[in-house]
Protein chains: 2
Amino acid sequence: MTDTTSESANSRTTSRRSLLAMGGAGLVVGAAAAGGAVAVTRSGDEPQPVADTGGAVAFHGAHQAGIATGVQDRLHFAAFDVKTDDRDEFVQLLKDWTKAAARMTEGRVIGDGAYGGLPEAPPDDTGEALGLKPSRLTLTIGFGPSLFEKFGLADKRPEALVDLPKFPGDNLDKARSDGDLCIQACADDPQIAVHAIRNLARIGFGKVAVRWSQLGFGKTSSTTPDAQTPRNLFGFKDGTRNIAGTEREALDQHVWAGAGDGPAWMTGGSYLVARRIRMNIETWDRTSLSEQEDVFGRDKGEGAPVGKAKEHDAVFLKALKPTSHVRLAHPDSNGGIRILRRGYSFTDGTDGLGRLDAGLFFLAYQRDVRKGFIPLQRSLSRHDALNEYIQHVGSAVFAVPPGVRDSGDWWGRALFSKEA
Amino acid sequence: MTDTTSESANSRTTSRRSLLAMGGAGLVVGAAAAGGAVAVTRSGDEPQPVADTGGAVAFHGAHQAGIATGVQDRLHFAAFDVKTDDRDEFVQLLKDWTKAAARMTEGRVIGDGAYGGLPEAPPDDTGEALGLKPSRLTLTIGFGPSLFEKFGLADKRPEALVDLPKFPGDNLDKARSDGDLCIQACADDPQIAVHAIRNLARIGFGKVAVRWSQLGFGKTSSTTPDAQTPRNLFGFKDGTRNIAGTEREALDQHVWAGAGDGPAWMTGGSYLVARRIRMNIETWDRTSLSEQEDVFGRDKGEGAPVGKAKEHDAVFLKALKPTSHVRLAHPDSNGGIRILRRGYSFTDGTDGLGRLDAGLFFLAYQRDVRKGFIPLQRSLSRHDALNEYIQHVGSAVFAVPPGVRDSGDWWGRALFSKEA
């Protein structure tokens with residue numbers, strides 16, 4: 001599960017443009033590089049070095065990329081509803097999507113004929129990523145509870161994929177919640193992430209329809225100096241105790257579904273909780289610094305826990321107010337619960353009252369939602385002082401299957417096989 | 001007007017964080033750099049070198065930065081309505097904004113005491129940009145027609161600041177149109193642009209309110225190989241004939257308001273037209289490649305005009321269909337009209353029908369709206385084949401005053417002075 005296969009790829013110097021100039025031939029990635037080479041690592045391993053935004057993240061592997069992968073700068077997340085009741089047609093879509101996703105991840109156009117052999121055909125690829133680098137694009141699929149009511153999948157639904165309970169303070173908008181399936185696109189270039197979702201939606205036309213979508217921006221290694229936790233829109237460092245993609249033991253213990261955890265088709269997969277958390281920016285901004293620091297349990301400048309000097313100093317929980325976010329979210333306050341957070345900030349313009357529609361699009365991966373997000377959020381939703389300034393307005397949960405093993409495999413193959 | 005004052009600044013190596021560590025002292029930019037130095041150039045001159053996203057763009061100069069400045073990757077644009085009828089209070093806001101804008105542009109926190117001397121005061125700065133680089137932030141203010149109905153400014157309104165006529169096909173949403181004033185924030189890091197608008201809105205609380213706002217992403221030098229025009233969301237290169245920030249004669253002829261053009265307070269300023277152009281992505285994506293290329297009058301892969309080999313080859317207008325976008329928008333079809341376009345792509349999630357709410361947030365600067373956007377759009381709105389796939393859904397126009405000369409000057413000083 002942790003084999004690393006590095007291969008020389010020409011992703012640094014070969015853009016979609018030059019691939020195109022090669023005549024749209026099928027298998028040019030891996031060809032001799034004209035200049036510097038970038039290692040393509042199998043997904044599920046260490047995060048990629050991120051200084052070179054041209055880098056490609058491998059699509060194939062034991063786990064889907066986009067979970068343990070080092071967080072990219074930008075997100076386009078889409079939830080879809082299935083519109084076909086034809087199982088074969090849906091399976092074909094999953095195969096087509098997988099093929100397109102693999103190509104886009106490598107920085108290639110979709111379809112062998114696009115702009116090459118068949119100029120009169122409707123374009124296989126919408127083209128706005130031509131000339132751009134792979135930008136560490138990852139595409140990660142998940143299956144929502146409602147999918148298992150279709151296609152005779154009812155007995156395949158994992159027990160760990162529970163419907164989330166209603167938490168105190170939830171104010172969920174159905175139009176921004178749920179979905180039969182989801183695709184998370186992450187990349188260092190927003191145009192690459194948007195291009196990927198848009199082309200997958202286009203390929204799915206008539207079979208699936210976008211239910212809701214969310215763009216997000218992060219502040220990761222390309223924008224934040226090394227080893228600093230990015231700041232959220234409240235100006236605080238949050239998520240200092242996140243599981244890193246390099247913590248293999250923690251990943252196996254807290255993130256990846258194990259062989260005995262549930263149905264075999266989910267082994268090596270994970271469970272994703274997505275929550276759109278609106279942050280009441282204007283209210284927060286009129287709160288005093290000391291109140292803000294009490295709410296989080298950290299100082300704002302350095303991010304150190306109360307009574308400590310540095311961000312990564314161990315937290316002395318009893319020094320923090322019982323309602324402080326850091327204390328309530330700490331594993332020691334939650335029987336050791338850890339989740340892998342991969343959230344992004346969002347700013348979606350202005351609401352009808354002239355306030356920023358901004359916040360955190362929270363994405364958390366875990367081995368079992370019942371032992372991860374649910375108990376954590378039960379505690380936070382009841383006690384966290386931060387609740388005065390935030391509101392959960394969207395919610396969804398998905399079973400994220402394991403990785404696509406090779407070019408003959410496809411998203412959801414084990415789920416849709418007769419024997420699994 | 002074209003003096004260049006380069007000074008050694010430590011923007012590459014000194015982040016907001018280390019400035020903070022210097023104790024929030026007043027004038028640290030320009031201090032000795034610990035490592036490589038980045039030239040800070042007066043605004044209104046050549047675009048900055050853009051490889052280093054840590055670079056700071058000078059705030060002071062003959063023209064406001066953010067017009068001729070090399071286009072940054074990200075946009076946060078906000079239109080505000082004035083809520084106070086107290087002229088002195090509004091003038092004080094403009095002064096406060098100017099001071100904050102200058103500091104943020106340099107990558108510094110707002111307020112000398114923030115996180116430094118006055119920990120119990122409400123934060124002067126919301127803090128989410130702490131530790132981030134200046135990221136070529138520019139902040140550009142504009143005054144809308146409705147502002148001139150307030151504060152006794154009626155006789156100061158420039159004739160060139162006309163209300164835009166209704167064009168064929170316009171489907172304008174009032175909630176995304178107009179505004180007493182606007183601020184355009186551009187930066188290579190979205191968190192920097194969002195932080196700037198949010199803090200200016202915070203400073204303006206009670207005096208102004210955000211009327212509408214728009215986020216955008218571009219594809220500029222950091223994401224697009226040199227000398228290639230970025231692609232729009234239809235996958236085409238558009239804007240090949242744009243005025244570059246280095247074309248001083250063209251800027252003087254087409255962009256900057258001259259001394260005899262109108263009121264003295266606008267000399268060195270410009271006029272901004274902002275249009276939210278929704279692109280019907282799904283319809284476009286089901287159109288054949290040949291139809292798409294006919295609509296634009298370019299080939300999709302290279303971006304060359306019909307009958308030519310390369311993107312920058314001269315257009316032979318008669319080879320293009322009379323309804324093609326390139327032909328209609330070409331200066332030779334419009335009596336030599338040129339505008340400086342600075343638009344950004346946007347994707348604002350999904351509309352109620354599952355379609356991407358995506359398109360182009362068109363921003364164009366010109367010397368006189370009556371001789372720039374209006375005649376151009378009169379022609380395009382009537383004849384452009386592209387109109388089948390796009391719709392203008394938001395619109396605003398602003399007078400953009402000249403640059404802030406020095407630390408004693410402020411946004412709009414000449415407009416609000418008794419003698420101007």
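B:E311 and B:K237 are both buried in this predicted model. They are also partners: B:E311 makes a salt bridge to B:K237, with 3.5 Å between the closest N and O atoms. B:E311 sits in the loop between α6 (289–296) and α7 (325–329) of chain B, while B:K237 belongs to the loop between β6 (208–217) and α4 (248–255) of chain B, so the bridge ties together parts 74 residues apart in sequence.

**More salt bridges**

That contact is part of a bigger set, since searching the whole structure turns up 42 salt bridges over all chains. Another one in chain B joins the side chains of B:E128 and B:R198, at 2.6 Å from N to O. Here a loop meets a helix: B:E128 is in the loop between α2 (87–105) and β4 (138–143) of chain B, B:R198 is in helix α3 (residues 190–203) of chain B, and the two are 70 residues apart. Both B:E128 and B:R198 are buried.

Over in chain A, A:R136 pairs with A:D188, and their closest N and O atoms are 2.8 Å apart. This one runs from loop to loop: A:R136 is in the stretch between α2 (87–105) and β4 (138–143) of chain A, A:D188 is in the one between β5 (181–187) and α3 (190–203) of chain A, and 52 residues separate them. How buried are the two ends? A:R136 has a relative accessible area of 1%, so it counts as buried. A:D188 is buried too, because its relative accessible area is 8%.

Here are the three bridges side by side.

| Salt bridge | Closest N to O distance |
|---|---|
| A:R136 and A:D188 | 2.8 Å |
| B:E128 and B:R198 | 2.6 Å |
| B:E311 and B:K237 | 3.5 Å |

Some charges join up in a network rather than a simple pair. In chain A, salt bridges link A:R276, A:R278, A:D348, A:D351, A:R355 and A:D357.

**Aromatic contacts**

Now for the rings: the whole structure has 36 aromatic pairs over all chains. A:F167 and A:F373 make an edge-to-face pair, with 5.7 Å from centre to centre and 90° between the planes. A:F167 is in the loop between β4 and β5 of chain A and A:F373 is in helix α8 (residues 373–383) of chain A, so this contact ties together parts 206 residues apart in sequence. A:F167 is buried at 2% relative accessible area, and A:F373 is likewise buried at 2%.

In chain B, the ring centres of B:F362 and B:F373 are 5.7 Å apart with the planes at 45°, so this pair is tilted. B:F362 comes from strand β10 (residues 356–366) of chain B and B:F373 from helix α8 (residues 373–383) of chain B, 11 residues apart. B:F362 counts as buried, with 11% relative accessibility, and B:F373 is buried at 3%.

There's an aromatic cluster as well, made up of A:F234, A:F236, A:W284, A:F296 and A:Y389.

**Charges over rings, between chains**

Which ring does the charged end of A:R286 sit over? It's the ring of B:F205, with 3.8 Å to the ring centre. Going the other way, B:R286 lies over the face of A:F205, at 3.8 Å from the centre of that ring.

**What the record says**

An unreviewed UniProt entry annotates residues 229–404 of chain A as "domain: Dyp-type peroxidase C-terminal". Over that stretch, the chain is 20% helix and 23% strand, and the C-alpha atoms at its ends are 31 Å apart.

Methods: Residues numbered from 1 in each chain as written. Chains lettered and ligands numbered in written order. Predicted model: local features only at pLDDT ≥ 70, side-chain atom pairs only at ≥ 80, totals over all residues. Heavy atoms only, no water. UniProt positions renumbered as here; feature names shortened; annotations may be inferred. Helix = DSSP H or I, 4+ residues; strand = E, 2+ residues; numbered from the N terminus. Salt bridge = Lys/Arg side-chain N within 4 Å of Asp/Glu carboxyl O. Buried < 20%, exposed > 50% of the residue type's maximum accessible area, 1.4 Å probe, protein only. Phe/Tyr/Trp six-rings, centres within 6.5 Å; stacked < 30°, edge-to-face > 60°. Lys NZ or Arg CZ within 6 Å of the ring centre and 35° of its normal.
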